[in-house]
Amino acid sequence: MATVEIQSGVKTKLDGVRETLRGAMLGRNDVCLTCSFQAEDVLLAKLAVELDASIPVLFLDTGYHFRETYAYRDRIAADWRLNLVNLLPEKTVAEQEAEHGLLHQSAPDRCCKLRKVEPLFKAVAEYGVWITGLRREQASTRAALDEAALFTLPGGKQVLKLAPLAAWTTREVWYACEQLEIPLLPLYERGYPSIGCEPCTTLPLDASDPRSGRWGGRKVECGIHIEPAASSQNPRENAQGASCATASDS
Ligand code: SF4
């Protein structure tokens with residue numbers, strides 16, 4: 001049972017997010033939203049499609065997601081009539097594995113680059129505004145997340161990257177989903193607090209860190225929230241520290 005404090009806080013925060021989305025979306029046709037189909041992204045998708053049912057909802061279809069994630073994505077997309085855009089890497093999983101083996105084991109940064117970063121940056125370059133479900137509480141790498149910031153893509157184009165849920169807690173997200181009758185990805189019931197590709201997602205190694213089950217502790221971000229220019233200047237610092245001028249990966 002949510003406390004009265006959470007109930008009234010979420011109501012105020014929902015009003016604020018709706019206002020942010022209204023300001024970002026209305027009168028524009030160059031706005032997209034990325035969605036990993038984790039709770040915060042689905043909450044944002046719900047609020048965004050209330051304003052514009054045609055907003056492109058970008059999903060990084062790496063080919064490595066859990067069966068449950070694909071089934072849930074398809075169910076939500078059908079029920080809400082989402083304008084779902086599945087972003088595919090250049091190579092299928094079979095082609096990549098035939099050429100390079102299991103990159104998610106041998107070189108996860110390279111695997112994420114091929115299957116997430118490159119397809120996403122290419123797609124986002126078509127837009128002027130990128131809405132994400134990133135939250136500061138998700139990880140230490142996101143603690144300084146701005147709610148709005150310019151993000152420079154490879155090639156120099158800048159998009160406005162928004163994180164309207166930046167200040168939300170996990171409890172608030174879950175309470176809002178409950179209030180809006182949003183069904184959640186069933187994998188949460190199996191104890192996964194953060195869900196990405198199946199080979200790189202386990203139950204958390206540290207109960208206090210929801211992302212500690214991602215990549216077996218070998219890394220903490222896939223790279224889609226790190227500006228390429230900053231990344232090339234000092235990859236280690238940016239991988240550990242920062243950056244999201246911005247969104248919810250995954
Ligand atoms: S999360 Fe794992 S499987 Fe998915 S793209 Fe990154 S390294 Fe590859």
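Which residue with a positive phi follows H7? Glutamate 181 does, with phi near 55°. This is a predicted model, and the tour below begins at that helix.

**Helix H7.** Select residues 170–179, which form H7. Its buried residues are Glu172, Val173, Tyr175 and Ala176. They lie on the same side of the helix, because the arc they cover around the axis is only 165°. Next, display H1 (4–25) and H2, against which the buried residues of H7 pack.

**From H2 to the strands.** Keep H2 (residues 39–51) in view and add strands E1 and E2; together the three elements make a β-α-β unit, and the unit is right-handed. Now select E1, residues 31–34. Val31 and Leu33 point one way, Cys32 and Thr34 point the other way, and all are buried.

**The partners of E1.** Add E2, residues 56–60, which runs parallel to E1 and is joined to it by two bridges. Here leucine 33 has valine 57 as its bridge partner. Then select E4, residues 129–131; its pairing with E1 is also parallel and extends over three bridges. Tryptophan 130 in E4 stands opposite cysteine 32.

**The ligand.** Finally, centre the view on the ligand and show the 13 residues around it. Those that come nearest are His104, Cys111, Cys112, Cys197 and Cys200. Select helix H6, residues 108–124, to see the largest share of this shell, five residues. Colouring the shell by class shows eight nonpolar, three polar and two charged residues.

How values were computed. Residues numbered from 1 in each chain as written. Predicted model: local features only at pLDDT ≥ 70, side-chain atom pairs only at ≥ 80, totals over all residues. Near = placed C-beta within 6 Å. Helix = DSSP H or I, 4+ residues; strand = E, 2+ residues; numbered from the N terminus. Nonpolar A, V, L, I, M, F, W, Y, C, P; charged D, E, K, R; others polar. Buried ≥ 20, exposed ≤ 12 C-beta atoms within 10 Å, placed from the backbone. Pairing = 2+ DSSP bridges. Right-handed = clockwise from strand over helix to strand, strands pointing away. Arc of directions from axis to C-beta. Contact = placed C-beta atoms within 7 Å.
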